[in-house]
Amino acid sequence: MKISRRLITSVILSVIAVIIMTFIENHLQYGYWFKSMMKIIVFGGSVFLYSLIYRESILKMINIKWKLPSRRLIFLMAGVYAIVIIGYVLLRNHIDLTTIRENLMNKENLTINNFYWIFGYIILFNSFLEEAFFRGFIYHCFRDEGKKKAGLIFGSLLFSIYHIGIMSSWFNPLIFILALISLMVAGVMLQYVEIRNDNLLASYMVHGCANLAINTIGTLMILFQ
């Protein structure tokens, strides 16, 4: 099976970007805003470098269309929010809440004064950055080479690996495996949303709702734990 130079380049750039960001997230003792800036540079820089090498439009690669969400998409967004909250309620006794809270307050320099700004950034901007990188850039490099299924699996796998690296100390081994699988499934689902709507903004809105639910839980933990 012949693999083009373009596809090899996109795979190398995306893998290196995830490795760099996983290292930064887990080993550099800086706050959330520094890591967010590095994420923009690393993920955004990978896409920009690819577009520069092959003279490809970034907007075309990430596939943005400005249109209002359908009723079905709105129901999906609400459903995703509810599922995350319900999942937390069912599994909260198996999650190390003290470790999560200490991680947020100490490792990420999260405080009562700044967590609203950080959570707002996660919902509005971080969700978009991840969608543009994993569901936009990575998938469409594979799609343009006629390898849609491989792109779906590869992008979702990198998405799962990146996130599980951040949360590896939060769960016991069984829940860790469940989280890894769940993140992989979430990546596949978000890609299907992007494909079905032919619009990255659709998967971005669903991703944003998932982050809204996670941040709702985080807010309760910070304020009331």
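Entry 1, Arg 135. I listed what is in contact with Arg 135 (heavy atoms within 4.5 Å), leaving aside neighbours within four places in sequence, and found Glu 130, His 140, Phe 159, Gly 187, Leu 190, Gln 191, Glu 194, Leu 200, Ser 203 and His 207. Arg 135 sits in helix α6; helices are DSSP runs of H or I, at least four residues, numbered from the N terminus. Arg 135 is buried, at 1% relative accessible area (buried means under 20%, with a 1.4 Å probe and protein chains only). Its side chain makes a polar contact with that of Glu 131 at 2.6 Å (N or O atoms within 3.5 Å, one able to donate a hydrogen and the other to accept it; residues adjacent in sequence count only if both atoms are side-chain atoms).

Entry 2, provenance. The model is predicted: local features need pLDDT of at least 70, side-chain atom pairs count only at pLDDT 80 or more, and totals for chains, interfaces and linings use all residues. Residues are numbered from 1 along each chain, and side-chain values use heavy atoms, without hydrogens and water.

Entry 3, core. I looked up the largest nonpolar core (buried Ala, Val, Leu, Ile, Met, Phe, Trp, Tyr and Cys joined through side-chain atoms within 4.5 Å), which has 35 residues; Phe 43 and Val 206 are among those that touch the most other members. The elements giving two or more residues include α2 (32-54) and α6 (115-143). α6 gives the most, seven.

Entry 4, α2. I found a kink of about 30 degrees in α2, centred on Gly 45 (angle between axes fitted to the seven residues ending there and the seven starting there). Arg 55 follows α2 with a positive phi, near 50 degrees.

Note on methods: Buried < 20%, exposed > 50% of the residue type's maximum accessible area, 1.4 Å probe, protein only.
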